[in-house]
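Work through these exercises with the model open beside you. Try each task before reading its solution.

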Amino acid sequence: MLADVTGETLRRWREAKGWDVPRMARELRKVARDSGEDVAAHHGLVKMIPQWERGGRVPRERYRLLYQKIFADALGDLSQGMALGTDFALRFAEVRSRAARLPSPDEIKALEAAALARPREAMTPAEIRAVAAQAIAHLHETADKLAELSALLGEDGPGADESGEDEPGTSPVRTSDERA
Amino acid sequence: MSARDDEIRRVLAELEVHVAEAEASIAVLKALLADDEVQVEENP
């Protein structure tokens, strides 16, 4: 499957995680260490990753396998959506990753409270409350759409919560459960 | 293209809109708070 993935996709997956190139290098080395494999030194990977992402070089098999382990979730999405075309699969993987990084309703409430803590020229308190309410409403819609999409794609149940992100507590899918 | 495929594409498009709208609203709130930090730096 990873043979189908372009350098541009590797870059998008990395950025979707919010990782810079040195972080990506650390993650590759961490997974390699966990599986007892030898890989290039950190500085070597920091040079190679941008080359892979630009398409100037193709990662060797051992690196492709490491990417596969790190981005198993994205590859799962890719495999799932590939029947609908690569463009669909990439869009799905990307939007799911972005959704998983959205703050929870409680975190949005905390932002709202902090924004309301002092008078502002840019926005009235009512406008601030409206923006926060809008954010939470879209968060709930996001959770609903993710569940709908998962059901349409034939995943097991509404638990599209296997995005594999670092902070599962921030997944908007949880907001559905919280509301229930 | 089947009706199911159309439905999946429609839901994905809606999902993208909601994620973008949520990100935009959150960015507005964060920008307000970022202004606070700038003001503290300018007038400590």
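**Warm-up: a backbone detail**

A:G18 has a positive phi of about 80°, and it sits just after α1(A). This is a predicted model, in which local features need pLDDT of at least 70, side-chain atom pairs count only at pLDDT 80 or more, and totals for chains, interfaces and linings use all residues. Residues are numbered from 1 along each chain as its sequence is written, while chains are lettered from A and ligands numbered from 1 in the order in which they are written.

**Exercise 1. Take stock of both chains.**

Task: count the helices and strands in chain A and in chain B.

Solution.
- Step 1: set the rule. Helices (H or I, at least four residues) and strands (E, at least two) are DSSP runs, numbered from the N terminus.
- Step 2: count. Chain A has 9 helices and 0 strands. Chain B has 1 helix and 0 strands.
- Step 3: add burial. A residue is buried if 20 or more other C-beta atoms lie within 10 Å of its own, exposed if 12 or fewer, and partly exposed in between, with C-beta atoms placed from the backbone. Of the 180 residues in chain A, 33% are buried. Of the 44 residues in chain B, 25% are buried.

**Exercise 2. Find the buried face of a helix.**

Task: decide which residues of α1 (residues 7-16) of chain A are buried.

Solution.
- Step 1: list them. They are A:T9, A:L10, A:W13 and A:R14.
- Step 2: look down the axis of α1(A). The buried residues fall within an arc of 140°, so they line one face of the helix. The arc is that of the directions from the helix axis to the C-beta atoms.
- Step 3: recall the geometry. An α-helix has 3.6 residues a turn, so residues three or four places apart point the same way.
- Step 4: repeat for α4(A). Here A:Y63, A:L66, A:Y67 and A:I70 are buried. Their arc is only 100°, which puts them on the same side of α4(A). These buried residues pack against α1 and α2 of chain A.

**Exercise 3. Describe a helix pair.**

Task: at what angle do α2 (residues 21-34) and α4 (residues 61-70) of chain A pack?

Solution.
- Step 1: read the geometry. The angle is about 95°, and the axes are 10 Å apart. Axes are lines fitted to C-alpha atoms, for helices over the stretch in contact, and angles run from 0 to 180 degrees between N-to-C directions.
- Step 2: classify. α2(A) and α4(A) are therefore roughly perpendicular to each other, a class that covers 65 to 115 degrees.
- Step 3: name the partners. A:E27, A:L28, A:V31 and A:A32 of α2(A) meet A:Y63, A:L66, A:K69 and A:I70 of α4(A). Contact means C-beta atoms, placed from the backbone, within 7 Å.

**Exercise 4. Trace the core across the chains.**

Task: which residues have the most contacts inside the largest nonpolar core?

Solution.
- Step 1: define the core. It is a set of buried Ala, Val, Leu, Ile, Met, Phe, Trp, Tyr and Cys residues joined through C-beta atoms within 7 Å.
- Step 2: name them. A:A132, A:A135, B:L15 and B:L29 lead in this core of 29 residues.
- Step 3: find the sources. α6 (86-100), α7 (105-116) and α8 (125-152) of chain A and α1 (3-42) of chain B each give two or more residues.
- Step 4: turn to the interface. Here 31 residues of chain A contact 21 residues of chain B. α8(A) gives the most to the chain A side, with 13 residues.

Definitions and conventions. Contact = placed C-beta atoms within 7 Å. Parallel < 35°, antiparallel > 145°, perpendicular 65-115°, else oblique.
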